[in-house]
Amino acid sequence: MLIEPGPLLSKIDSPADLKQLDQAQLVKVCDELRQFIVDNVSVYGGHFGASLGVVELTVALHYVFNTPKDQLVWDVGHQAYGHKILTGRRDIFHTNRIYKGMSGFPKRKESEYDTFGVGHSSTSISAALGMAIANQYKKEDRQHIAVIGDGAMTGGLAFEGMNHAGVSNSNVIIVLNDNCMSIDPNVGALKDYLTDVTTSHTYNRVKDDVWNLLSKFSRFGKSAQEVISKVEHSLKSLLLKQSNLFESLNLRYFGPVDGHDVHHLTNVLNDLKDIPGPKILHCVTVKGKGYKPAEEGNATKWHAPGKFDKVTGEVFKKVPDAPQPPKYQDVFGHTLVELAEQNEKIMGITPAMPSGSSMNIMMNAMPDRAFDVGIAEQHAVTFSAGLATQGLLPFCNIYSTFMQRAFDQVVHDVCTQNLVVNFCLDRAGFAGADGPTHHGAYDIAYMRCIPNMIVAAPMNESELRDMMYTAQLPREGQAFTIRYPRGQGVMPEWRTEMKKMAIGTGRKVSDGEQVAILTLGHIGNYAIAAKELLKEEGLNPAHYDMRFVKPLDEELLHDIFRNFKKVITVEDGCIMGGFGSAVLEFMAENEYSAKVVRLGIPDQFIEHGTQEQLHAECNFDTESIAQTVRKLAGVKLTKGTINN
C-alpha cells in the first residue's frame with residue numbers, strides 16, 4: 001500500500017516548494033515529514049531512528065540553503081530519509097532498499113541533491129571541504145555543509161578533515177548532530193567531551209550573549225571580527241575550564257543548540273551563512289525523536305527495526321515452525337566466549353559494531369577482555385597488533401566492507417611484523433539491502449595477496465567453530481582471516497564439539513562424474529541444492545568444499561585436475577583476484593588443462609536487494625550453478641545465458 005503524505009508535504013516536490021512556506025508552517029512540515037517516515041518504515045522496513053532525529057535539521061537546512069547549488073553532504077546516510085523525501089523522491093520512497101528501488105543511502109546518480117555517495121562513516125567533512133576548495137578555486141559562490149553524527153566524528157578521517165579545514169579559509173559549515181549514538185552507544189573520550197559541553201549550564205547561559213555580540217560586530221569589518229572572535233574563544237575556554245577541541249583546530253564553534261527547534265535552527269543557519277571561514281554548529285538531538293518507543297526504548301533496536309506496528313511499537317518477527325539455524329554472527333559471538341573461557345590470552349575487538357557483530361556477547365561476559373573502539377577500523381587493527389606484541393591473541397571482528405578501510409594496517413602493522421592476529425569478517429559477500437557500500441565483495445582478493453596471511457571461509461556453523469578453534473591454537477607469525485556471510489547458517493543444532501582443522505585443507509563433499517564444483521564458504525550449500533536438482537536429470541557433478549583459499553589444498557587440487565576436465569568455482573566474492581583466480585593460478589603453474597568456469601561477483605558494483613536476488617543476478621545461486629553444470633555437460637540450457 002502507498003502511504004499518503006500530509007497536506008503540506010504532499011505539495012513539496014523540491015526544496016523550492018519548501019521555501020514558499022512561511023517559517024511558521026515549518027513545525028507542521030516537520031510533523032508531517034516525521035509521520036511519513038514512521039508510516040513508511042513501519043510497513044516497508046529500513047533505517048529509522050537516525051532520520052527521525054534530524055527531521056527539524058533537515059527541514060531547516062533545505063529551507064535556508066539554496067540546494068542543490070549549495071552542497072549538502074550527509075555522513076553515512078542513515079539519517080537522510082527526510083532529505084530524500086524533500087528532494088523529489090517522496091512518491092518512490094516506498095521502494096527504499098527494495099531490489100531495483102531507491103537506495104537507502106545518498107547516491108550521486110540517484111539525485112543531484114545527493115552531492116556525495118555515502119555508506120561508510122566519517123567522510124562528509126573531507127568531501128565537503130574538497131567541494132568548497134574546488135568552488136573557491138573556480139570562484140563560484142556556494143555554501144558547503146557537512147552533516148556528521150557524534151559517532152562518525154570518532155573516525156580518524158573526520159579529524160583529518162577538520163585539521164585541514166581549520167587552515168583552509170574555506171566556506172564550509174560542519175553540522176555536528178550529537179545524539180550520543182551511532183548504531184550502538186558511543187564510546188571514548190570524544191563522547192565524554194561532548195557531554196561536558198552540552199551539560200555545562202554556565203556555558204549555555206552565556207553562549208547566546210556571545211553569539212549576539214559576534215553578529216553585531218561582524219558588520220564592522222575584519223578587525224572587529226578578529227577582536228570579538230578572540231573574546232568569544234576566551235569565554236568558551238574559561239566557561240568550559242578547558243580548550244574547546246574544535247576551536248583548537250581553528251574551527252569557529254557555535255552551540256550547542258536544540259536540534260529540534262526548527263525556528264531557532266533556521267535563524268542560526270542564516271547567521272552562519274554570513275560568517276566567513278570554516279565553522280562548526282553543534283546540534284543536540286534525540287535519536288528516534290517523535291516516536292515514543294524509539295525515544296524511550298532500545299536505540300540500537302530502533303536503528304533498523306524491520307517492519308513494526310506503529311501504534312504499539314511491536315516489531316514483527318516470524319515465529320518459525322521448527323528450530324532455525326542461528327545467524328553466523330551469533331555463532332561467532334558465543335563460540336568466542338567458549339574459547340576465551342579456555343584460553344586466557346584471547347581478546348575481542350570491534351569498531352563500533354558490538355551488536356551487529358555479536359561481540360557484545362563477550363563484552364557482557366568478559367568486559368575487561370572485549371573492546372568497542374568506536375568507528376575506527378584502522379585503530380582496531382593496529383590496537384590488535386599492539387596486543388599481539390605482548391603475547392595476547394586478538395580476535396578483531398570487522399564487517400568485510402569496513403575492513404577495506406584498514407588494509408594498510410593489516411599489511412604494515414600486522415603481516416609485515418609477523419604478528420598473530422585473527423580477523424573475523426562478518427557480512428562477507430552480499431550484505432543485502434544496504435547495497436554496494438556494504439557488500440563484502442573484495443576481502444578474498446585483498447587478503448589472499450598479503451604474505452603471512454591465512455584466508456578461510458566456513459560452509460556451515462560447525463566449520464566456523466572449528467576454524468575459530470584452530471585460529472586460537474599456537475602458530476608462528478601468521479594472521480588468520482575467517483570470512484562468513486550475513487544471516488543464518490544451515491545447522492539448527494550448531495553447538496558441535498570443536499576440533500582442530502588442518503590449515504590449508506579442503507574436503508570432498510560428494511563424489512561425481514564429468515564436472516567438479518569447487519566452492520568456498522557458505523555458498524557451497526547452493527552447490528548441494530544444485531546437485532539435488534540435477535540428480536533427476538542424470539547429472540552428478542562432484543562437489544568439493546575447499547575451506548581455505550590461502551593456502552590452497554594443493555593435494556586435493558592435484559586430484560581434482562587429474563580426474564576432471566570441467567571445473568566450476570563458486571564464491572560469494574569478486575571474481576577478479578578471488579578464489580577462482582587462485583584455482584586458475586594453480587592450474588597454470590602445474591600445467592593442467594581444463595575448462596574452468598568461475599562464478600562469483602562480476603567486475604561491477606552490484607546494487608541493493610536481498611541476498612538471494614543478488615546471487616541470482618550474478619549467476620551463482622542454486623539454479624545458476626545447475627545451469628552451468630548442464631552447459632559444461634553439453635545439455636541444452638533452459639534458463640538464460642550464464643555469464644562466465
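Two strands count as paired if DSSP finds at least two bridges between them. With that in mind, here are some close-ups of this predicted model.

**View 1. Strands β2 and β3 run side by side.** Strand β2 covers residues 144–149 and strand β3 covers residues 172–178. The two are joined by six bridges and pair in the parallel sense. If you would like a place to start looking, find Ile145, which stands opposite Ile173 in β3.

**View 2. The whole open sheet comes into the frame.** Stepping back from that pair, you will find five strands, arranged as β1-β2-β3-β5-β4, with parallel pairing. Which strands stand at the edges? They are β1 (71–74) and β4 (252–258), and each has a single partner strand, so one side of each is left without a neighbour in the sheet. On average, neighbouring strands here are turned by 20° against each other, with direction ignored. As a general reminder, strands of a sheet pair through backbone hydrogen bonds, either parallel or antiparallel.

**View 3. Helix α6 packs on the sheet.** This helix spans residues 124–137 and touches β1, β2 and β3. Its direction makes about 175° with that of β2.

**View 4. A cis peptide bond involves an edge strand.** The bond from Gly255 to Pro256 is cis, and its omega is near 0°. Pro256 itself is found in strand β4, one of the two strands at the edges of the sheet.

**View 5. Another cis bond leads into a loop proline.** Here the peptide bond runs from Lys550 to Pro551, and it is cis with omega near -5°. Where does Pro551 lie? Look in the loop between β15 (548–550) and α23 (554–563).

**View 6. Val76 has a positive phi.** Although Val76 is not a glycine, its phi is positive, at about 60°. You will find Val76 in the loop between β1 and α5 (81–89). Is Val76 buried or exposed? Its relative accessible area is 12%, and buried means under 20%, so Val76 is buried.

**View 7. Arg97 also has a positive phi.** For Arg97, which is not a glycine, phi is positive at about 70°. The residue sits in the loop between α5 and α6, and α6 is the helix that packs on the sheet in View 3. With a relative accessible area of 16%, Arg97 is buried.

Methods: Residues are numbered from 1 along each chain as its sequence is written. This is a predicted model: local features need pLDDT of at least 70, side-chain atom pairs count only at pLDDT 80 or more; totals for chains, interfaces and linings use all residues. Side-chain values use heavy atoms; hydrogens and water are left out. Helices (H or I, at least four residues) and strands (E, at least two) are DSSP runs, numbered from the N terminus. Axes are lines fitted to C-alpha atoms, for helices over the stretch in contact, and angles run from 0 to 180 degrees between N-to-C directions. Contact means heavy atoms within 4.5 Å. Buried means under 20% relative accessible area, exposed over 50%, partly exposed in between (1.4 Å probe, protein chains only).
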